[in-house]
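Dear colleague,

Please find below the structure for your review. An account of what was found in it follows directly after.

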Amino acid sequence: MAPPEDIEPIGTYRESMNQNPLLRKSRVGKVLERGHTLPPDDFAFGLPNISRDNGAVGALSNWSNKKKQYPEGGLTRSKSFTTTRDFTLLNKAAVISGLVTAPDHSQYRATHNIVKVNRNSNSTDASKGNKADGIRRIRPEQVYGTSTRPSTPVFDLLEHRYQERWLQNRRALEKSGSASSTNSRHKAGQIYETRTSLLRKCQPPVEEPQLWKISKFEKIPSHISTFRNKTSRSAAFGEHDYDALGRMGMKGHGAYVI
C-alpha cells in the first residue's frame, strides 16, 4: 500500500508503517485505510492434524488401540488402577462393632481388610480417551440425551386409584385422631382438679419467719422470756393482732388509720 498522495511523509516511509494503525494517517474526508500482509501462496490455513490412525488398515485391525492396551513384552494388559486399604471404612466398621480404644482399632485393622480402588492418572482407558494424540475415545454403548420419564400408569388413572389411596389415608388419620381424642376425653362425672380446688381441700402449712440472729447464736436457745407464761404471751399477741387492724405498716406498728 502506497502512502497517501495528499500527505507528505516525514522521513523514510517504511512498509511496516502500513501495518501499524498508530502510524497510519487518513486522507482528508476519507476513512483510514488499513492493510495486512498476506501469507505466501503455498500457506495452508487451519490446524495441523497430528492424529495417526494408520488409515483403513489401522481402522480394520484396530492395531493402534492394541499397542496401547498391550505392552511390547507380552500380551498381558497393563493395570490402570491400584488398590489401597480404605482406613475410613475400617474405622467406621470398628466403631459400629463397639470398639472405641486405639489398641482395639489396631487389632481390628490387623484382622480385617477393606480395599479401595484408585485409578492411575496415566491410564489408557478407551472411555477416557487418549490424550497423547488429542483424540477423545467414546465408548460404543454411549447414549446421549436425557433419560426418558417413566410412563404414567393409565389404568390407575382410569380406576381412580390415587383417589382411593388418598381417601384411605384420610380415614386412617381420622381414626387415629378420634382414638387419641377418646382417650384424652374425661369421663362423665369426673371433675378436673385445678390449683384452686386443691388449695380449697388442703392448704400447705406456711412456716412463720424467724427473727434474725447472728450465725453463731442460731443454735443457742433464748434464756430470757418477756412473758411469765405461754398464756400471757398468746393473750398479748392476740391483742396486738386485733389492734394492728387499724394501724399502718407491715407489722401493724404504725399510726392509726382514721
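Asp156, Glu159 and Arg161 are joined in a network of salt bridges. Please note that this is a predicted model. Within the network, the side chain of Arg161 meets that of Glu159, with 2.8 Å from N to O. Arg161 is partly exposed, because its relative accessibility is 35% and the class runs from 20% to 50%. Glu159, at 40% relative accessibility, is likewise classed as partly exposed.

His160 belongs to the same stretch of chain, in the loop that connects helix H5 (154-158) with helix H6 (161-184). The phi angle of His160 is near 60°, a positive value in a residue that is not glycine. In general, most residues other than glycine have a negative phi. With a relative accessible area of 48%, His160 counts as partly exposed.

The salt bridges come to four in total. One of them pairs Lys201 with Glu193, whose closest N and O atoms lie 2.8 Å apart. Lys201 is exposed, because its relative accessibility of 62% is over the 50% cut-off. Its partner Glu193, by contrast, is partly exposed, with a relative accessible area of 45%. Another salt bridge brings together the side chains of Arg247 and Asp243, at 2.6 Å from N to O. Here Arg247 has a relative accessibility of 25% and counts as partly exposed, and Asp243 is also partly exposed, at 30%.

As to the overall architecture, the protein contains eight helices and two strands. Read along the sequence, these elements follow the pattern α-α-β-α-α-β-α-α-α-α. Of the 258 residues in the protein, 8% are buried.

Which class of exposure does Arg24 fall into? Arg24 is buried, because its relative accessible area of 8% is under the 20% cut-off. Arg24 is located in the segment that precedes helix H1 (55-61). The C-alpha atom of Arg24 is separated by 8.0 Å from that of Arg34, a residue ten positions away along the chain.

Turning to the surface, Trp212, Ile214, Phe217 and Ile220 make up a nonpolar patch. Together these four residues present about 460 Å² of accessible area. Trp212 is situated in the loop between helix H7 (195-201) and helix H8 (230-243). Trp212 counts as exposed, because its relative accessibility of 74% is over 50%.

The final item concerns pockets. The largest pocket has a volume of about 810 Å³. Its lining consists of 18 residues, and those nearest the centre are Pro209, Gln210, Leu211, Arg233 and Phe237. What is the composition of this lining by class? The lining of the largest pocket comprises eight nonpolar, five polar and five charged residues.

In closing, two places may be convenient for a first look in the viewer. One is the salt-bridge network of Asp156, Glu159 and Arg161, with His160 in the loop between helix H5 (154-158) and helix H6 (161-184). The other is the largest pocket, where Pro209, Gln210, Leu211, Arg233 and Phe237 lie nearest the centre.

With kind regards

How values were computed. Residues are numbered from 1 along each chain as its sequence is written. This is a predicted model: local features need pLDDT of at least 70, side-chain atom pairs count only at pLDDT 80 or more; totals for chains, interfaces and linings use all residues. Side-chain values use heavy atoms; hydrogens and water are left out. On a 1 Å grid over the protein atoms alone, a cavity is a set of points where a 1.4 Å probe fits but cannot get out, and a pocket is an open set with protein on both sides within 12 Å along at least five of seven lines; lining residues have an atom within 4 Å of a point. Grid points are joined across faces, edges and corners, and a volume is the space filled by probe spheres set on the points. Ala, Val, Leu, Ile, Met, Phe, Trp, Tyr, Cys and Pro count as nonpolar, Asp, Glu, Lys and Arg as charged, and the others, Gly among them, as polar. Patches are made of residues with over 30% relative accessible area and no salt bridge: like charges are joined within 9 Å, nonpolar side chains (Val, Leu, Ile, Met, Phe, Trp, Tyr) within 5 Å. Accessible areas come from the Shrake-Rupley method with a 1.4 Å probe; for residues, only the protein chains shown count as cover. Helices (H or I, at least four residues) and strands (E, at least two) are DSSP runs, numbered from the N terminus. Buried means under 20% relative accessible area, exposed over 50%, partly exposed in between (1.4 Å probe, protein chains only).
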